[in-house]
Amino acid sequence: MKPQHALALAVVAGVLTLASIGFLGYRLLEQSRSVADGVPAGLISSQQLTPEEGRAAADAVMRLTLPDLAGRQQAMAQWRGKVLVVNFWASWCAPCVEEMPAFARLQDEYAGHGVQFVGIGIDEVENMQSFVRTRPVTYPLLAATPAISETPGLRIKGLPFTLVIARDGQLAMSRLGRLDEAKLEPILRRLSGQ
């Protein structure tokens, strides 16, 4: 076989391999989207939590006491009885930053209906303070260390990670990854009685 033919064959084989990998990746992405789209809004979860795990996560969040950006200790239990949206984030996390304006809008819109957003930054306090100077946030921000992921009952596998806790303390939704406003708002509307 001539060297030119061998090279052409290798290039074609490489292109076909890359196309196959791309197609399989696309199919996996589409399958995960279609599965999530068919799940009722209250059960959206990228970490399929059992009811026991959901209860443990909600309880673990409500036991937390963390400093705000001024250093004052804030107990999550102060928001018991509200629809609580807890978002774990960091200033260096692009998807986290992208979802925050929507969270601020929803906080403003639903605050009068018993909904409370709380951002828990797994970040340096100085980074968070610098962040809010350029991008004001309309809900409380608390600071945590990476050790929070070791809290019994709380499984934080990445950022952003959002939990929605109903008024009765039950976990209504969990989401690992960016949470779209269009998916969150119907849940808030239902839980707040709107």
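What share of the 194 residues in the protein chain is buried? The answer is 39%. Keep in mind that this is a predicted model.

Let me start with the overall layout. The protein chain has five helices and seven strands. Along the sequence, the pattern reads α-α-β-β-β-α-β-α-β-β-β-α. Now the contacts. Take those between residues at least 6 apart in sequence: 69% of them join residues at least 24 apart. And the surface? The accessible area of the protein chain is about 10600 Å². Carbon and sulfur atoms account for 59% of that.

Now to one element, strand β3. This strand covers residues 83–89. Seven of its seven residues are buried, so β3 is largely enclosed by the rest of the structure. Here, buried means under 20% relative accessible area. Look at the two faces. On one side sit V83, V85, N87 and W89, all buried. On the other side sit L84, V86 and F88, buried as well.

Who are the partners of β3? Take strand β4 first, residues 115–122. The two strands run parallel, joined by seven bridges. W89 stands opposite G121 of β4. The link between these strands is worth a look too. Helix α3, residues 94–110, joins β3 and β4 in a right-handed β-α-β unit.

Then there is strand β6, residues 161–165. Here the pairing with β3 is antiparallel, over five bridges. V85 of β3 faces V164 in β6.

To recap: β3 is buried at seven of seven residues, pairs parallel with β4, and pairs antiparallel with β6.

Technical notes
Residues are numbered from 1 along each chain as its sequence is written. This is a predicted model: local features need pLDDT of at least 70, side-chain atom pairs count only at pLDDT 80 or more; totals for chains, interfaces and linings use all residues. Side-chain values use heavy atoms; hydrogens and water are left out. Buried means under 20% relative accessible area, exposed over 50%, partly exposed in between (1.4 Å probe, protein chains only). Helices (H or I, at least four residues) and strands (E, at least two) are DSSP runs, numbered from the N terminus. Two strands pair if DSSP finds at least two bridges between them. A crossover is right-handed if, with the strands pointing away from the viewer, the path from the first strand over the helix to the second runs clockwise. Contact means heavy atoms within 4.5 Å. Accessible areas come from the Shrake-Rupley method with a 1.4 Å probe; for residues, only the protein chains shown count as cover.
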